[in-house]
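Biologist: I'm new to reading protein models. Could you walk me through one, feature by feature?

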Amino acid sequence: MKGGRKNLKRAAEEVKFNLQDGQAIMQVLSLRGSNLIEVMDGQGEKSLALFPAKFQKSMWIRRGSFVVVDVSGKEKALESGSKVACLVSQVLFYEQVRPLQKSPEWPEIFKSTHLEDSSGSLRGKTSHQEVDELESSDEEGLPPIEVNTNRIKPFELLSDAESDSGSDRDS
């Protein structure tokens, strides 16, 4: 394995993490493309953040991931008319998020979010009501399935009505 970006890998492996001045924990809402992501801060305010190229091909994020963002120039960037307000300085992984959730640095708005570990399994509790709602809402509000008229119908076997009439002829 090459030693490239070894400082990024070393920082990602650290379990203990402390926020510095001008940094904030934010949750990824959507990936916009071109290294832009939409994030939400602890007050529920949405903004655009730049995901630097140094993280490409070494760290991946998805909706719901937590990142540490440098917000020191946010006010100045918004005043100058720039849409990108902050810069991602670190990606937080499951092992780093768990201890942070128990610390006072963790924003209250993120306390109720469920986490996914690196294997993709959902961490957190779901109630029976939520599961029932998910199962029942699968078919609600969907239109009925229409017949595809672009396909040629294969020969149809005798239906029940036709087979009944055929048995009447035999008797």
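Biologist: How much surface does the protein chain expose, and what share of it do carbon and sulfur atoms supply?

Modeller: This is a predicted model, and its protein chain exposes about 13,100 Å². Carbon and sulfur atoms supply 51% of that area.

Biologist: And what percentage of the residues is buried?

Modeller: Of the 171 residues in the protein chain, 25% are buried.

Biologist: How do I tell whether one residue, say K16, is buried or exposed?

Modeller: Look at its relative accessibility: over 50% means exposed. K16 has 64%, so it counts as exposed. You'll find K16 in the loop between helix 1 (6-13) and strand 1. Also, its C-alpha atom is 9.6 Å from that of V97, although the two residues are 81 apart along the chain.

Biologist: How many helices and strands should I look for?

Modeller: Five helices and seven strands. Going along the sequence, they run α-β-β-β-β-α-β-α-β-β-α-α.

Biologist: Which residues have the most contacts inside the largest nonpolar core?

Modeller: That core has 15 residues, and I37, V39, I61, V67 and V88 have the most contacts inside it. Strand 1 (23-33), strand 2 (36-40), strand 4 (66-70) and strand 5 (84-92) each bring at least two residues. Strand 5 gives the most, with four.

Biologist: What does I37 touch?

Modeller: Leaving out residues up to four places away in sequence, its partners include V28, L31, L48, I61 and V88. There's also a second, separate core of 10 residues, with F17, M40, L92 and W106 among them.

Note on methods. Residues numbered from 1 in each chain as written. Predicted model: local features only at pLDDT ≥ 70, side-chain atom pairs only at ≥ 80, totals over all residues. Heavy atoms only, no water. Core = buried A, V, L, I, M, F, W, Y, C linked by side-chain atoms within 4.5 Å. Buried < 20%, exposed > 50% of the residue type's maximum accessible area, 1.4 Å probe, protein only. Contact = heavy atoms within 4.5 Å. Areas by Shrake-Rupley, 256 points an atom, 1.4 Å probe, with all protein chains shown as cover.
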